[in-house]
Amino acid sequence: MENKLRIGIIGLGTVGCGVVKVLSKMDDVEIICAAVKNTAKKREVELNCITDNPFDIANNPNIDVVVEVAGGCAMLDVLKAAIQNKKHIVTANKELLARHGAELFDLAREHNRVILYEAAVAGGIPIILPIKTSLSANKFNSVAGILNGTTNYILTKMDEENLSYEDCLLKAQQLGFAETDPTGDVEGFDAMYKIAILANIVFGKRIDVNKIYKEGITKISALDIRYANELGYKIKLIAQAKKVDNDALDIRVHPMLVSKERPISEIKNATNAVLLNGFPVDKVMFVGPGAGEFPTASSVVGDILCIKSEIEKCGEILPMTTCHHSEYANQIDIEDTKNCYYLCIKAKNEPGEIGKIGFECGRHAINISCIIQKEAMDDGSATVIVITGECLEKDINTMISNLESDGITKVVNKIRVM
Ligand code: HSE
């Protein structure tokens, strides 16, 4: 390798352009070429070489590192070719890593190359390398966080402005926080990919992304947020992975009521947070911008410079940055998890209804920590809010279906409590 590290970029969207802008201020890194879908499109950055064939990057002998910021899984074969051609990879692509990481990391190991991906989780927050380096003395019990800025922005606006989910989504789209098709964010896919990647390095096991339970935020109502507030909670989309019995892992993404006393309840708008709990460090929280042109470019360029400095120091890549594990985790089903629950129940406003709720909970050994009757409506219904003690997901589900079987009571929403 010559003095300058030679880069090929795949994707010149918001993040790609940010990376080019940051790298253009550096003398020791040179962008050789970029691959994009549409070479005619006007962009904020200008490069001497632009191609619409990403294999031009993967096969170019003058490129040392391929930076992939295109998103989705379409670049899998391109990255495999790049690794086979002895290029290191820096990527922000959480979906590709969560779905095809095993294949890519095996190939990288075989060819003595690294795949760095600091930008794939929590944008500008340094979390991947700190877990692998500064926190490497730890055995972790759990990792949890707010890993999606779009949904956190929507939930924050619903909370602060007492607006519906639909109104806040529209606002987020108008301000450019949410995509025109918001599915990946609001249905929890983005956070699911990120927690799969975090769980992989925190617990040293491969994760099957198809076994991760996932719920988005589309069913959260302004009323849920109001009732949660009255009871001392905020509602957040939480991604979490924790160790349970026999080293199995409980990994999921869903909305949760978070006590206002917990610092993570204060994380607002598009900010992300990652909480780690392990020994000997105990609890640590990382907070910062989870997305955006420059925060994400900060992580991408950090990875590029990490590769450069390691190669310069010892002529090769240090083991710290490589993937060492190949065993899959034993992931438990959501039905076997234990949680406390918030239930928003539409009951008939007549004697004995709260008794029925109490009876059904008692029959399934579910303790009621709190029960409040809210509005009695003109249609003869009344809203009852219940917070339960810890119980099995399968037991609460049976309890709910028994409660609903007479057709008088409906559980409008069930939200787990953190
Ligand atoms: N769409 C993501 C978010 C950012 O809203 O946090 C990129 O991962």
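Buried, in this report, means under 20% relative accessible area, exposed means over 50%, and partly exposed is anything in between (1.4 Å probe, protein chains only). By that yardstick Thr-39 is partly exposed, with a relative accessible area of 42%.

Before going on, a word about what you're looking at. This is a predicted model, where local features need pLDDT of at least 70, side-chain atom pairs count only at pLDDT 80 or more, and totals for chains, interfaces and linings use all residues. Residues are numbered from 1 along each chain as its sequence is written, and side-chain values use heavy atoms, with hydrogens and water left out.

## Getting your bearings

Helices (H or I, at least four residues) and strands (E, at least two) are DSSP runs, numbered from the N terminus. Thr-39 sits in the loop between S2 and S3. Pick out Glu-335 as well: Thr-39 and Glu-335 are 296 residues apart in sequence, and their C-alpha atoms are 49 Å apart in space.

Now find helix H9, which runs over residues 189-203. Its 15 residues reach 21 Å from first C-alpha to last, close to the 21 Å expected at 1.5 Å a residue (the expected span being 1.5 Å times one less than the number of residues). Is H9 mostly covered or mostly open? Mostly covered: 14 of its 15 residues are buried. Just after H9 comes Gly-204, which takes a positive phi of about 65°.

## Around the ligand

Which residues are around the ligand? They are Lys-94, Asn-148, Gly-149, Thr-150, Asp-185, Asp-190, Lys-194 and Ala-291, where a residue counts as near if one of its heavy atoms lies within 4 Å. H9 turns up again here, since H6 and H9 each supply at least two residues of this shell. Sorted by class, the shell has one nonpolar, three polar and four charged residues. For that sorting, Ala, Val, Leu, Ile, Met, Phe, Trp, Tyr, Cys and Pro count as nonpolar, Asp, Glu, Lys and Arg as charged, and the others, Gly among them, as polar.

Some of these residues come within polar-contact range, a polar contact being a pair of N or O atoms within 3.5 Å; within protein, one must be able to donate a hydrogen and the other to accept it, and residues adjacent in sequence count only if both atoms are side-chain atoms. Thr-150 has a side-chain N or O atom 2.5 Å from an oxygen atom of the ligand. For Asp-185, the partner is a nitrogen atom of the ligand, at 2.9 Å from a side-chain N or O atom. Asp-190 places a polar side-chain atom 3.1 Å from a ligand oxygen atom. The protein covers 80% of the 260 Å² of accessible area that the ligand has on its own, with areas from the Shrake-Rupley method and a 1.4 Å probe; for residues, only the protein chains shown count as cover.

## Salt bridges

Side chains of opposite charge can pair when their charged atoms come close. How many salt bridges are there in the whole structure? A search finds 27, each being a side-chain nitrogen of Lys or Arg within 4 Å of a carboxyl oxygen of Asp or Glu. Here are some of them.

| Pair | N to O distance |
|---|---|
| Glu-44 and Lys-21 | 2.3 Å |
| Lys-268 and Glu-160 | 3.6 Å |
| Lys-374 and Glu-230 | 2.4 Å |

Take Glu-44 and Lys-21, which meet in a salt bridge. Glu-44 lies in the loop between strand S2 (29-35) and strand S3 (50-51) and Lys-21 in helix H1 (residues 14-23), so the pair ties together parts 23 residues apart in sequence. Glu-44 is exposed at 65% relative accessible area, whereas Lys-21 is buried at 19%.

Next, Lys-268 forms a salt bridge with Glu-160. Lys-268 is in the loop between S10 and S11 and Glu-160 in H6, so this pair joins parts 108 residues apart in sequence. Lys-268 is partly exposed, at 41%, and Glu-160 also counts as partly exposed at 41%.

Then there's Lys-374 with Glu-230. Lys-374 is in strand S14 and Glu-230 in helix H10, 144 residues apart.

Finally, Glu-215, Glu-393, Lys-414 and Arg-416 are linked in a network of salt bridges. Lys-414, in strand S17 (residues 410-417), is buried, with a relative accessible area of 17%. Its side chain makes polar contacts with the side chains of Glu-393 (2.8 Å) and Asn-397 (2.8 Å).
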